[in-house]
Amino acid sequence: MAAFEDILSAGRSISPWLCVVLALALTIFWHLSITIYNVLLHPLRKFPGPLSQRISWLPWGFRHARGEQALHTQTLHDRYGTVVRIGPNHLSFTDPQAWKDIYGHRIGAKGGAQEMSKCALFARPVRAPPTTILNADHDEHIMLRRALSHGFSDSSMRQQEVIIVKYVKLLVERLREESHGGQRALNLATWFNWTTFDLVSDLVFGESFHCLETVNYHPWVENIMKSVRFHALMLALNYSGLGIVVQMIHKLGGFLALSKIQEYTNSMLRSRLSMGKGRNDLFEGLARKQEEWEKLGRNATILLLAGSETTATTLSGAVYLLLSHPEILARLTEEVRSSFNSLDDITITSVNRSSYLLAVLNETLRFYPPLSSGMVRVVPPGGAEIAGHFVPGGTMVEVQHWSVNHSKENWDEPWSFRPERFMVSPEEALKRGDKLEAVQAFSLGPRNCIGRNLAFVEMRLVLASIIYAFDLKLADDSQRWIERQKNFNVWDRVPLNVHLVPAGQGSR
Ligand code: HEM
């Protein structure tokens, strides 16, 4: 007892300044120890990367919140090579083999894991909401994927052709009306968003957002970009060790844009479910599971988001890149206008024959991938071999599209837009310095994009129809369109203003 009182009285006699100094010294000691550990003792110590990122999570978080992370990581690959330590426990790869090693099926792999699981920090930054196809664990994912796969099959796609073509035609009609013979420049980035959202909402909910009809944003679409920027900030906080703040913001209702989106989704979902079964659309498989209302709502939101923004971004990128390369635009225009006699001729089957069009889209997906990064996986216990490197269990690993698509190890002149790369066989391309398998815009393996076919159908139909119907010219204020954008795993697109002169009125 006496000893305890001695300690208490000793505590009372310590000055507040001494406490501050002690706390400071402890903090410095703590950070110094972590720094020394991360540089000299950490299992990833042999992997190259900038010192600031090897010792701390903050630089990555700071750049991500500012929309610069993926762009910066690409410059690190130029400096350090095909594998870079971009966070203390985080590696980025640009060797094409890493696609298979990270995202592919792992049959007979060490430890028995059939796939590298998604990193919760990225796939599920907030714990409360129900899981979706994008972040479900292995077993639930298989169940959701099965439920959805029929709606995305080739045969369903053919049945949905009428709906898809309806929106493509509406787009061309509206552009004709609104462009005033090319005098008025139109923001095609917005028009493509309207088209893809109208189309996918019809395929998911049986009801369009009516953006093309009203020539206006639906609040759902308007809230998307706000939520993307907000999500990037939350991810950056999570990554920098402030996950607790993110959970608190969510509890206090801070994810306002997301909850607004969810409200709209729920009301459209109610009307979709009231339509009953047998629509054979994208949502039919999930609609049968009427009992899990919240999960249905979240998955419907994911379908809309995943299916619209990506396709609209690729179409915007393709138009910009074509308008910045007149000789490529001329070749595509020649192919399209010599293949079809009218807009009605452009169908899923006929447009499949336009090989240069497909090459333009593939090169766009390489040059300006709609998803730049963020598909982070965790190496299972026991470690794994990735692109010839042994990586210890628990490490966060990824291939970033922007980096792998602009790596000089993978491409001859990676910053040149050259659809011709995709006009030859992979073997021939390799002889010319292009590793075609490095582009995996839709990822690969068990969690690859289920909407790949639909995306290509949409993009081919829209691009062919626009090129057929109009002569295009980039407005002066839309030069350097890609360089002016920020990137939060998806692009924060700036306006893409284009003059559209009906073909035949000008050159034809
Ligand atoms: C150019 C267009 C598109 C691109 C580049 C793209 C890309 C991707 C990528 C890279 C993934 C994997 C994400 C991950 O591993 O975390 C993915 C997943 C997914 N995409 Fe797409 N996508 C596109 C269009 C679409 C469309 C049109 C739809 C449907 C309407 C769609 C629905 C989905 C869904 C549901 C998933 C999750 C699949 C799963 O986890 O099993 N996507 N997409």
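Tutor: Let's start with a term: a salt bridge here is a side-chain nitrogen of Lys or Arg within 4 Å of a carboxyl oxygen of Asp or Glu. Keep in mind that we're looking at a predicted model.

Student: Okay, which residue meets E309 in a salt bridge?

Tutor: The cut-off for a salt bridge is 4 Å. The E309 pair sits at 3.0 Å, N to O, and the partner is R493.

Student: How far apart in sequence are the parts that E309 and R493 tie together?

Tutor: E309 lies in helix α17 (residues 293-323), while R493 is in the loop between β11 (490-492) and β12 (497-502). So the pair ties together parts whose separation in sequence is 184 residues.

Student: Is E309 buried or exposed?

Tutor: Buried means under 20% relative accessible area. Its partner R493, at 14%, counts as buried. E309 has a relative accessibility of 9%, so the call is buried.

Student: Moving to α10, what span does that helix reach from its first C-alpha to its last?

Tutor: Helix α10 covers residues 161-179, which makes 19 residues. At 1.5 Å a residue, you'd expect 27 Å, and the model's span is close to that: 27 Å.

Student: Which residue of α10 forms a salt bridge with E177?

Tutor: The two partners are three residues apart in helix α10, so about one helical turn separates them. Their closest N and O atoms are 3.0 Å apart, and the partner of E177 is R174.

Student: And what is the relative accessible area of R174?

Tutor: E177 is partly exposed at 43%. R174 is among the buried residues of α10, along with others including Y167 and L171. Its relative accessible area is 15%.

Student: Which residue just after α10 takes a positive phi?

Tutor: Look just past the end of the helix, where phi is about 50°. The residue is H180.

Student: Is R418 buried or partly exposed?

Tutor: R418 and D412 meet in a salt bridge at 3.1 Å, N to O. D412 counts as partly exposed at 32%. R418 has 26% relative accessibility, so the answer is partly exposed.

Student: Which residues do salt bridges with shared partners join into one network?

Tutor: The structure holds 19 salt bridges. Some share partners, and the network they form is E363, R366, R421 and D434.

Student: Last one: which protein residue gives the iron atom of the ligand its single donor?

Tutor: The donor is an SG atom 2.3 Å away from the iron. Its residue sits in the loop between α22 (426-431) and α23 (452-469). That residue is C449.

How values were computed: Residues are numbered from 1 along each chain as its sequence is written. This is a predicted model: local features need pLDDT of at least 70, side-chain atom pairs count only at pLDDT 80 or more; totals for chains, interfaces and linings use all residues. Side-chain values use heavy atoms; hydrogens and water are left out. Donors are N, O and S atoms within 2.8 Å of the metal (3.2 Å for Na, K and Ca); water is not among the atoms, so sites may look incomplete. Helices (H or I, at least four residues) and strands (E, at least two) are DSSP runs, numbered from the N terminus. The expected span of a helix is 1.5 Å times one less than its number of residues. Buried means under 20% relative accessible area, exposed over 50%, partly exposed in between (1.4 Å probe, protein chains only).
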